[in-house]
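Trainee: Walk me through this model, please. I want to know what stands behind each term.

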Amino acid sequence: MSVECFVTGGTGFIGQHLVAHLSAKGHTVRVLMRRPERLTELREQVVKLGGSAARVFAVAGDLERDNLGLSPADREQLRQARVVFHLGAHFAWGLSLEQSRAVNVEGAKRVALLAVEQNSRLVMIGGYMLKNHEHLQRIGIDPRSAQQTHWPAVYRRVGGYEASKLEAHFATLELMSAKGGEITVVHPATVCGHSRTGHILDGQPLVELIRNLIQGKLTAVPGTAKHWLPLVTVDYLVELMVVSAFDPAMVGQELLALDEQTPNLRELLVQVAQPLGLKPPRHHISLRVLKLLLSIPPVARFMNTKPEALDFIQTTRFDMAAVEQFAKSHGIAKPDIRQSLQHTATFVNSSCIAKG
Ligand SMILES: NC(=O)c1ccc[n+]([C@@H]2O[C@H](COP(=O)([O-])OP(=O)(O)OC[C@H]3O[C@@H](n4cnc5c(N)ncnc54)[C@H](OP(=O)(O)O)[C@@H]3O)[C@@H](O)[C@H]2O)c1
């Protein structure tokens with residue numbers, strides 16, 4: 001059955017794969033675009049990723065603008081959407097509270113209001129740190145009473161991007177609960193390239209890590225042997241998002257999209273180094289020492305790393321049995337994360353490094 005979907009962030013990395021997947025399944029996909037004149041480019045990319053260009057349309061707008069800056073005609077058209085996928089976000093390190101809140105928190109609330117007004121299911125993309133309750137408590141958030149959070153302190157502690165994603169999550173849940181809207185939240189780990197092609201976009205955190213290894217800037221493994229950077233491949237993530245969107249049992253649910261088989265960081269770097277014929281680092285450097293070093297601007301520039309990025313390297317493990325059961329019940333197979341990492345490294349080396 002073909003349904004109408006509205007996607008924010010459809011031009012981004014995960015968004016492109018989502019739009020390709022939805023359109024390949026025969027759905028009509030309307031994408032919020034700050035630059036709708038780039039629709040042809042997006043359609044070409046969607047076709048490369050296996051989607052159907054003819055089912056993809058642009059909706060001019062901006063998360064930062066009132067009512068998303070939609071024209072009355074587009075607003076009317078969007079009423080047909082059965083599902084609203086909200087992926088749009090200002091993703092960068094070093095954002096101020098104002099910059100990140102304007103897009104990531106206020107934008108999310110605008111998208112949620114639109115979904116609620118027209119009875120669409122909202123599928124919101126959070127982040128895996130929202131499922132790490134120890135981490136939330138450490139930075140001053142109690143998920144059971146998130147409205148009590150002193151947000152400026154959280155922004156100071158974890159930086160604008162991460163804090164605004166956390167704030168957006170709780171603000172959107174509150175809004176949907178107050179208005180009686182349908183919401184499903186998917187929390188991805190750091191996203192790895194496509195499991196078969198390795199496709200990933202420049203600017204993604206994993207690309208930065210691979211680039212640093214290739215350029216010889218990663219001479220020690222951050223953290224200890226227990227530290228890992230949980231990953232999920234973009235194709236597995238998108239499949240989980242789409243089945244969650246159409247599964248009535250997923251209304252009001254949150255789903256963690258993370259591959260528990262992701263090796264520890266040292267082994268992850270071994271997997272990345274292998275297809276490129278590089279020597280991976282063997283010794284560890286403590287995260288505390290690394291953060292101190294990164295507070296020295298020339299060192300930070302040389303290492304091409306921001307302290308905020310290190311917060312995603314953790315020791316917490318997650319019980320993924322229920323999610324894997326959910327995936328299986330929908331016929332979704334989890335790709336091999338080590339192979340996916342190797343494909344991603346090869347893709348980054350040929351497509352991102354050569355151009356960069
Ligand atoms: N990638 C990861 O590892 C990861 C992990 C966990 C969660 N997430 C979450 O997943 C979502 C998608 O991530 P991604 O990696 O695909 O992001 P991305 O590649 O950086 O793409 C961001 C998207 O947001 C759009 N956007 C930014 N500001 C906007 C605005 N003011 N109005 C409208 N659209 C705007 C961009 O559009 P333009 O083309 O106009 O710039 C782009 O389509 C985000 O919510 C992110 O926080 C990502």
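Trainee: What makes the lining of the largest cavity six nonpolar, three polar and one charged by class?
Mentor: This is a predicted model, where local features need pLDDT of at least 70, side-chain atom pairs count only at pLDDT 80 or more, and totals for chains, interfaces and linings use all residues. Residues are numbered from 1 along each chain as its sequence is written, and side-chain values use heavy atoms, with hydrogens and water left out. The lining is His86, Leu87, Gly88, Ala89, Asn104, Ala108, Met124, Ile125, Lys165 and Ala168. Ala, Val, Leu, Ile, Met, Phe, Trp, Tyr, Cys and Pro count as nonpolar, Asp, Glu, Lys and Arg as charged, and the others, Gly among them, as polar. So Lys165 is charged, while His86, Gly88 and Asn104 are polar.

Trainee: Why is this space called a cavity?
Mentor: On a 1 Å grid over the protein atoms alone, a cavity is a set of points where a 1.4 Å probe fits but cannot get out; lining residues have an atom within 4 Å of a point. The whole structure has one cavity of 30 Å³ or more. The largest holds about 60 Å³, a volume being the space filled by probe spheres set on the points, which are joined across faces, edges and corners.

Trainee: Which elements give two or more residues to the lining of the largest cavity?
Mentor: Helix 4 (97–117), strand 5 (121–125) and helix 7 (160–179). Helices (H or I, at least four residues) and strands (E, at least two) are DSSP runs, numbered from the N terminus.

Trainee: Why is helix 4 called roughly perpendicular to helix 6?
Mentor: They pack at about 110°, axes 11 Å apart. Axes are lines fitted to C-alpha atoms, for helices over the stretch in contact, and angles run from 0 to 180 degrees between N-to-C directions. Roughly perpendicular means 65 to 115 degrees. That angle therefore makes helix 4 roughly perpendicular to helix 6.

Trainee: How do you know which residues of helix 4 and helix 6 meet?
Mentor: Contact means heavy atoms within 4.5 Å. Leu97, Ser100, Arg101 and Val105 in helix 4 meet Trp151, Pro152 and Tyr155 in helix 6. By class, this contact has five nonpolar, one polar and one charged residues.

Trainee: What makes helix 9 roughly perpendicular to helix 14?
Mentor: Helix 9 (residues 234–246) and helix 14 (residues 321–329) pack at about 75°, with axes 11 Å apart. So helix 9 is roughly perpendicular to helix 14. Tyr236, Leu240, Val243 and Ser244 in helix 9 meet Val323, Glu324, Phe326 and Ala327 in helix 14.

Technical notes:
Parallel < 35°, antiparallel > 145°, perpendicular 65-115°, else oblique. 1 Å grid on protein atoms, 1.4 Å probe; cavity = no way out; pocket = protein on both sides within 12 Å on 5 of 7 lines; lining within 4 Å.
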